[in-house]
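Colleague: I would like a close look at one part of this model, the enclosed space inside it. Please take it slowly and keep to what the coordinates support.

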Amino acid sequence: MPLLVLDGVTKYYGAELILDGVSLAIDRRERLGLIGANGTGKTTLLRIAAGELSPDEGQVVAARGASIAYLSQDPELDGTDTLWTDVMSLYTDLQGLEDRLNRLAVQMEQPQVRRDEDRMQQLLTEHAELHHRFETAGGYEYETTAKKVLSGLGLGEDHWHRSPASFSGGEKSRAALAKLLLSEPDLLLLDEPTNHLDIQGLEWLEEYLRSFPGAILVVAHDRSFLDRTTQRIVELEHHQLEEYRGNYSAYLKQKEQRLLTWQRTYERQQQDLQRQREIIRFLLGTGNEKRIRQARSREKLLEHIDVIDPPPAQRKKMQIAFTPRIRGGNEILDFVGVAKSFGGRSLFEDATFHIHRGQRVGLIGPNGSGKTTLLRIALGLERATAGRAALGRSVVVGYLEQEPTGLTDENQVIEELRELLPQFTAGEVRSLLARFLFFGDDVFKRVGDLSGGEKSRLLLAKLILQGPTFLVLDEPTNHLDIPSRQAVENALLQYQGTLLLVSHDRYLLDKVCRRLLILGDGRVRAHEGNFSHWRRWLRQQAEQAAVQAEAERLTRAAAQREAQRRARRRKRPGESAVRGPAANPEELEQRVQDLERKIALIEQRLQTAAGADPRYVRGLSMQHALLSQQLTETLTRWEQALAEAEEA
């Protein structure tokens with residue numbers, strides 16, 4: 001049985017139809033991407049699947065015992081606990097097991113228990129059983145896993161002991177996502193989980209979801225993310241779902257073929273219908289009663305034919321060259337030894353790079369690394385702590401900030417452009433606006449009533465039409481749906497000036513930029529090539545480092561074995577080695593590493609246990625002693641196995 005089934009789901013908001021008989025089945029461990037333009041009902045579908053909304057018609061059936069978790073676009077995390085306490089509340093069962101283990105360890109330390117062999121054996125047996133349950137359930141890993149997930153989503157230690165109520169909207173979204181991932185439900189419903197992640201966070205999440213044991217249905221406009229995480233795409237369009245096998249790139253090919261087949265089938269049917277109508281007109285025009293009856297019979301047959309709807313009109317790509325009004329000089333921007341600090345905290349230092357006319361440069365880096373600050377210094381809107389930033393002569397800048405500014409709320413959309421193009425007719429202005437996805441009555445909307453994404457598109461249109469020689473864009477695709485991102489992408493490809501683009505949209509960076517500036521660790525590094533080229537270069541560097549590290553490890557292991565061999569040769573006559581059952585050296589080595597890892601975790605807990613319950617500390621100490629004893633014995637057996645393998 002599928003994990004979740006939506007069967008004939010219909011939903012209205014008032015008189016407006018949102019979903020019309022939608023059906024969808026999600027199997028265990030499936031990875032689905034839900035796409036569609038903004039306003040088509042994707043969030044509504046997720047909320048119905050999560051049980052937060054009831055359909056007006058149809059039903060939602062979940063497998064018995066299935067756990068479903070839903071991440072909204074604006075999660076609420078207003079508790080008084082710290083983030084760490086909130087996350088640790090997911091592990092109350094494991095913490096209960098750990099507490100019982102600690103109490104048993106304390107009891108086994110008591111002198112009267114040590115003297116009572118039967119009681120000691122009983123406690124040892126109980127401790128072994130609980131320890132097995134604790135270890136199998138991930139008892140030694142849950143804190144480490146929680147730290148990895150929080151850190152991977154950009155919530156470092158400075159966030160752990162703060163209340164989520166004090167977080168920004170983006171931090172709350174990431175904290176809610178972390179809790180959902182750590183809860184490991186059978187089905188994750190994620191509504192725009194990539195909105196507040198930088199590239200590092202996106203890649204971490206992609207890797208994590210690959211090994212996630214449950215199923216995933218994700219709404220996302222990040223095309224690279226969909227490519228890397230999904231196995232099936234479902235598109236919500238015209239109130240219904242259309243399914244495509246494969247990731248986003250596979251969807252693009254399949255949809256193009258589907259629309260082509262649809263168009264051809266529609267045209268063939270229209271030709272056949274036209275031919276039938278002409279035959280009917282001819283028969284009716286003969287005046288012959290028999291032929292008139294034949295015509296009436298054909299008309300009845302036509303009435304019962306399922307007429308194929310025409311495929312959605314495909315938007316024509318307009319051939320517009322967005323050309324700067326002046327050519328300008330070759331030197332666009334010089335950044336020499338620039339540093340910036342805030343209150344003793346250094347964002348970056350000694351940043352040096354140069355941008356020349358016609359270059360398309362992408363600026364990337366983690367959240368908080370200073371990308372927006374660097375842009376503002378480049379444009380003279382903020383002062384550097386040290387160094388020099390200078391624009392070239394005759395450079396005309398067009399700057400798009402993350403929060404759109406420079407629009408008049410009372411204007412209509414069409415008026416915003418007519419002010420720039422007084423010589424254009426209304427039809428010509430509407431054609432230009434269509435390039436930025438303003439169709440029909442959209443052009444008469446009041447600017448103050450536009451969404452954030454619509455304002456971004458309108459402001460970008462204004463900037464480009466002003467003919468700047470240097471276009472500087474700070475996250476222009478934030479919160480845009482895929483059609484809007486494609487519109488921005490096409491506009492930038494047609495722009496013939498110089499571009500400096502800050503973005504986490506890897507698809508856009510690949511398509512538009514041919515050079516990267518990477519801001520991180522307080523430095524700016526340049527890379528010639530697009531984003532994919534840079535990632536390949538990083539992988540090659542990592543592979544080379546891994547090969548070198550493995551060679552060094554093998555060298556150390558060989559030296560260690562040689563040292564052990566010499567030590568055995570120097571052993572005094574009559575001294576015997578500790579014997580144990582024969583074992584595979586590789587298995588024993590892995591066991592040694594596992595024990596060392598567990599001991600290290602307990603040592604970390606002991607270091608942070610100041611002021612804790614003494615019984616808890618004694619329990620940890622007892623576990624440490626037991627594991628240390630196991631490590632000593634295992635090391636001895638490993639050395640013995642290595643010696644026997646060499647002698648064989």
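Colleague: How many residues of the lining of the largest cavity are nonpolar, how many polar and how many charged?

Modeller: The model is a predicted one. Within the lining of the largest cavity, two residues are nonpolar, six are polar and four are charged. The nonpolar residues there are Leu197 and Leu202. The charged ones are Asp222, Glu475, Arg485 and Asp505. Thr194, Asn195, Thr477, Asn478, His479 and His504 complete the lining, and these count as polar. The space in this cavity comes to about 130 Å³.

A search of the whole structure, with a lower limit of 30 Å³, finds two cavities. The second largest has a volume of about 70 Å³. Its lining divides into three nonpolar, six polar and three charged residues. Helix α8, residues 169–183, supplies the largest share of that lining, with four residues. Gly170, Ser173, Arg174 and Leu177 are the lining residues that fall in this range. Also in the lining of the second largest cavity are Leu71, Ser72 and Gln73, together with Asp191, Glu192, Pro193, Asn195 and His196.

Asn195 deserves a separate remark. This residue is listed in the lining of the largest cavity and also in that of the second largest. Among the other residues, Thr194 lines the largest cavity, whereas Pro193 and His196 line the second largest.

Key. Residues are numbered from 1 along each chain as its sequence is written. This is a predicted model: local features need pLDDT of at least 70, side-chain atom pairs count only at pLDDT 80 or more; totals for chains, interfaces and linings use all residues. Side-chain values use heavy atoms; hydrogens and water are left out. On a 1 Å grid over the protein atoms alone, a cavity is a set of points where a 1.4 Å probe fits but cannot get out, and a pocket is an open set with protein on both sides within 12 Å along at least five of seven lines; lining residues have an atom within 4 Å of a point. Grid points are joined across faces, edges and corners, and a volume is the space filled by probe spheres set on the points. Helices (H or I, at least four residues) and strands (E, at least two) are DSSP runs, numbered from the N terminus.
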